[in-house]
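Trainee: I have a new model open on my screen, and I would like to learn how to read it. Could you walk me through it?

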Amino acid sequence: NVVGLHSVKSSVLDIIDKIQVAKRRKKNSLIFPGHYIFQGNPGTGKTMVANMMDDIFKALHVLQRGHIVSVTREDLVGKYIGHTAIKTKKVLESALGGVLFIDEAYSLISGSKSSGSSFGQEAINTIVPFMENHREDFMLIIAGYPDDISNLLDANSGLRSRFTHTIDFEDYSVDEMIEIFNMLLAKEKYNVENGVRNTFKVIFQSLKENSNDFGNARDVRKLFDQVCTNMDSRIAEDLSIVDEYELNLIKQEDLLDLHF
């Protein structure tokens with residue numbers, strides 16, 4: 001039911017097949033969930049797929065608890081020498097039986113030592129042995145831009161080899177962005193005036209071609225929220241609008257003054 005992400009779906013299905021066959025070959029042996037790299041641009045569904053994989057691996061009886069712990073740099077890095085290792089280990093232990101998802105993981109090594117990257121290195125050095133010593137107990141997923149992820153993996157000589165799979169998240173096409181927009185419309189039960197979808201198609205095409213920080217589905221949701229705000233403001237000012245269809249109708253004028 002997920003829009004787009006065809007290569008991601010293929011990769012996840014391959015992983016499921018591999019695990020199911022391994023369970024048939026070794027009926028009484030532990031099957032390790034593995035550790036994963038999710039690399040791609042913002043808004044390509046990395047967090048969503050991490051949650052889905054948590055559910056999938058629980059259903060496959062590879063993860064015992066099947067819960068997901070989502071963290072960023074701030075959740076792992078401490079304020080003084082020695083504090084980071086304690087803090088990071090506590091987070092790692094909380095993920096046992098489930099998934100630890102580190103978003104924007106490359107931020108652990110960003111910045112100068114004075115800004116705390118040495119503490120980020122301490123977090124990485126704590127994570128690496130835990131990945132190996134508890135590889136049957138949890139799944140680690142790190143997410144970020146491809147180049148930044150590559151730099152992160154170079155921060156510890158043993159880090160790269162601990163990951164079993166890299167999954168690439170491709171950008172959404174304009175048609176897929178329209179499909180996401182239509183799903184948001186259906187969820188809110190909104191109607192649209194003729195031409196609104198075509199206007200959005202032009203907007204999405206412009207975003208994809210010209211934006212320096214193209215946000216994929218994130219941009220779709222952001223623009224949808226702006227349009228809904230404009231629609232509500234227009235309707236609030238016109239007390240003559242009482243018809244249910246009109247109260248839920250997005251018009252072309254609601255697409256004016258969008259920020260993208």
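Trainee: To begin with, how many helices and strands does the secondary structure of the protein chain come to?

Mentor: The chain has 11 helices and 7 strands. Please keep in mind that this is a predicted model. Its C-alpha atoms fill a box of roughly 65 × 50 × 30 Å along the principal axes.

Trainee: What percentage of the residues count as buried?

Mentor: Of the 260 residues in the protein chain, 45% are in the buried class. You can also look at contacts along the sequence: among those with a separation of 6 or more, 77% involve residues 24 or more positions apart.

Trainee: Let's go to the sheet. In what order do its strands lie, and is the pairing parallel or antiparallel?

Mentor: The general idea is that strands of a sheet pair through backbone hydrogen bonds, in either a parallel or an antiparallel manner. Here you have an open sheet of 5 strands in the order β2-β3-β4-β1-β5, and the pairing is parallel. At its edges are β2 (68–71) and β5 (165–169), each of which pairs on one side only. Neighbouring strands are turned against each other by 20 degrees on average, direction ignored.

Trainee: Over how many bridges do β1 and β5 pair?

Mentor: Strand β1, residues 36–40, pairs with β5 over 5 bridges, in the parallel sense. If you want a place to start looking, take Y36: its bridge partner in β5 is H165.

Trainee: Which strands does helix α2 touch?

Mentor: Helix α2 (residues 46–59) packs on the sheet and touches β1, β2, β3 (99–102), β4 (139–144) and β5. The direction of α2 makes about 155 degrees with that of β1.

Trainee: At what angle do α1 and α2 pack?

Mentor: When you read a helix pair, look at the angle, the distance between axes and the handedness. Helix α1 (residues 6–25) packs against α2 at about 20 degrees, and their axes are 12 Å apart. Because an angle under 35 degrees counts as roughly parallel, α1 is roughly parallel to α2. Their crossing is right-handed.

Trainee: Which residues meet where α1 and α2 pack?

Mentor: From α1 come V8, V12, I15, I16 and I19, and these meet V49, M53, I56 and F57 of α2.

Trainee: Now for charged side chains. How many salt bridges does the structure hold?

Mentor: As a general point, side chains of opposite charge can pair when their charged atoms come close. This structure holds 5 salt bridges. One of them joins the side chains of E132 and R135, at 3.6 Å from N to O. Another joins E132 and R162, at 3.7 Å from N to O. That second pair links distant parts of the chain, since E132 is in helix α5 (residues 117–133) and R162 is in helix α7 (residues 159–162), 30 residues apart. Together, E132, R135 and R162 are linked in a salt-bridge network.

Trainee: Why does E132 count as partly exposed?

Mentor: Partly exposed is the class between buried, under 20% relative accessible area, and exposed, over 50%. E132 has 36% relative accessibility, so it counts as partly exposed. R135 is in that class with 35%, and R162 is too, with 24%.

Trainee: What is the N to O distance in the salt bridge of D254 and R234?

Mentor: The side chains of D254 and R234 meet at 2.8 Å, N to O. This pair also links distant parts of the chain: D254 is in the segment after β7 (249–250), R234 is in helix α10 (residues 217–236), and 20 residues separate them.

Trainee: Is D254 buried or exposed?

Mentor: D254 is buried, with a relative accessible area of 1%. R234 counts as buried as well, at 14% relative accessibility.

Trainee: One last feature, the backbone angles. What is the phi of L5?

Mentor: L5 has a phi near 55 degrees, which is a positive value in a residue other than glycine. You will find L5 in the segment before α1, and it is buried, with a relative accessible area of 2%. H61 also has a positive phi, about 60 degrees, although it is not a glycine.

Trainee: Where is H61 found?

Mentor: Look in the loop between α2 and β2. H61 is exposed, with a relative accessible area of 67%.

How values were computed: Residues are numbered from 1 along each chain as its sequence is written. This is a predicted model: local features need pLDDT of at least 70, side-chain atom pairs count only at pLDDT 80 or more; totals for chains, interfaces and linings use all residues. Side-chain values use heavy atoms; hydrogens and water are left out. Two strands pair if DSSP finds at least two bridges between them. Helices (H or I, at least four residues) and strands (E, at least two) are DSSP runs, numbered from the N terminus. Axes are lines fitted to C-alpha atoms, for helices over the stretch in contact, and angles run from 0 to 180 degrees between N-to-C directions. Contact means heavy atoms within 4.5 Å. A salt bridge is a side-chain nitrogen of Lys or Arg within 4 Å of a carboxyl oxygen of Asp or Glu. Buried means under 20% relative accessible area, exposed over 50%, partly exposed in between (1.4 Å probe, protein chains only). Angles under 35 degrees count as roughly parallel, over 145 as roughly antiparallel, 65 to 115 as roughly perpendicular and the rest as oblique. A crossing is left-handed if the near helix is turned anticlockwise from the far one by less than a right angle, and right-handed if clockwise.
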